[in-house]
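Here's a quick tour of a protein model, taken one piece at a time. Have the structure open as you read.

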Amino acid sequence: MHIDPFGVEIWMNEWEFKCELNLAETCVESLTIEQLLALSGKNASDLSALLDLKMTYGEIRGSTRLVRAICALYQRQTAENVIVTHGTIGANMLVHKSMISRGDRVVAVVPTYQQHYSIPASIGADVHQLRLREEDGFLPDLDALRRLVTPQTRLIAINNPNNPTGALMDRAMLEEIAQIARDADAWLLSDEVYRGTDQHGGGMTDAVADIYEKGISTAGMSKAFSLAGLRLGWIAGPSEVIEAVSIHRDYDTISVGKIDDHFAALALESSDRVLARSKKITRDNLAILENWVAGEPKIAWVKPKSATVTLLRYDVDMPSEAFCIQLLKETGVLLTPGSAFGMEGYLRIGFANPQADLIAGLAKISDFLARL
């Protein structure tokens, strides 16, 4: 099976641990186990409960405790509508492998996480891309989407909140997209790994699984929940999807780790406190980034409404990968080149880092731009 190289992951694998200030980071500043226990109203003595945890396989679809906590994040999902996976990356892969066959028509909104067009293409699907444009605020042109979605369309893939732009489709737009999918009798997959980081209101994006009867939501513990080290995600959607996924999942997962399951359940049971921390970090830091952009003549953007990342358009005659490599070598600051997302002329920056790192990194980027 041929599959295209995963641009952003190749970039991160090469450079992530060779920088001093990682402004390519996509997670809200990661929690330690000690911090998680404190947010959950527990302390180090509660770790003793793990001493009797026998290291067998866990419950195949996720523990009852964890599945119940995941369901609480949604309006309409029950245990039969949820299955636990190896991260959101595993959730997305399983949906594409389970629901798409060779020759199926797939429409993917791009830029997005590369899984959503490269995996269907590797299966032999007929993949059509709907490109987001800066002049539209990086929101999809629904008339263009209607033209791409035909009665032969098997699946539409969106990413909300969007990586790498930070754009946010509100409920009204999601309902319109659901109707487009409904008219074609297509599945609608929404990668919602950044759900919980909206800049306004309660912070929680509406879930496609709650909006559309053939809607599939994927998410995980990495971004808003600051626990990427758990490598735990999930799929929420119709029972038909969960059962199809289960057949494929048996071949590559069996169960997630019992310790991962335990700490994920602990975090989700305290989701109000964990997400309150994430909201403060993302909202305070975005204000810092906004002030920096306003004072930097070589940078322009569409201010993100959610997520932990956004795109910066830069006014320098240099390819984005060369820009990022030179920036890293001269300053120690890591960004992600737009070319990794098919967005040449842009840079992706993460703004949910420790605040001191963000401030220091932005100052170094300004000095670098001035020298250029």
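## The seven-stranded sheet

Let's start with a pair of neighbours: strand 3 (residues 105-110) runs parallel to strand 5 (residues 153-159), and 4 bridges link them. Look at A108 and you'll find its bridge partner in strand 5, A157. Bear in mind that this is a predicted model.

Zoom out, and that pair belongs to an open sheet of 7 strands, ordered 2-8-7-6-5-3-4, with mixed pairing. The edges go to strand 2 (82-85) and strand 4 (126-131); each has a single partner strand, so one side of each has no neighbour in the sheet. On average, and ignoring direction, neighbouring strands here are turned by 20° against each other.

## Helices on the sheet

Helix 4 packs on this sheet, where it touches strand 2, strand 5, strand 6 (187-191), strand 7 and strand 8 (233-236). The direction of helix 4 makes about 155° with that of strand 7.

Helix 9 (residues 239-249) packs on the sheet too, with strand 2, strand 6, strand 7 and strand 8 as its contacts. Its direction makes about 30° with that of strand 2.

## A look at T218

Strand 7 (residues 215-220) is home to T218. Is T218 buried or exposed? Its relative accessibility is 0%, and buried means under 20%, so T218 counts as buried.

What does T218 touch, leaving out residues up to four places away in sequence? The contacts are T88, A91, N92, V95, L189, S190, D191, E192, V193, W234 and I235.

## The four-stranded sheet

There's another open sheet to look at, made of 4 strands in the order 9-10-13-12 with antiparallel pairing. Strand 9 (299-301) and strand 12 (336-337) sit at its edges with a single partner strand each, so one side of each is left without a neighbour in the sheet.

Strand 12 is joined to strand 13 (residues 346-350) by 2 bridges, and the two run antiparallel. T336 has R348 in strand 13 as its bridge partner.

## The largest pocket

Now for the open space. The largest pocket holds about 540 Å³. It is lined by 24 residues, and those closest to its centre are E9, T26, C27, Y113 and K223. Two elements, helix 1 (7-15) and helix 4 (87-99), give two or more residues to the lining.

Which helix gives the most to that lining? That's helix 4, with 4 residues. By character, the lining residues split into 9 nonpolar, 8 polar and 7 charged.

Notes:
Residues numbered from 1 in each chain as written. Predicted model: local features only at pLDDT ≥ 70, side-chain atom pairs only at ≥ 80, totals over all residues. Heavy atoms only, no water. Pairing = 2+ DSSP bridges. 1 Å grid on protein atoms, 1.4 Å probe; cavity = no way out; pocket = protein on both sides within 12 Å on 5 of 7 lines; lining within 4 Å. Points joined across faces, edges and corners; volume = space filled by probe spheres on them. Nonpolar A, V, L, I, M, F, W, Y, C, P; charged D, E, K, R; others polar. Buried < 20%, exposed > 50% of the residue type's maximum accessible area, 1.4 Å probe, protein only. Contact = heavy atoms within 4.5 Å. Axes fitted to C-alpha atoms, helices over the stretch in contact; angles between N-to-C directions.
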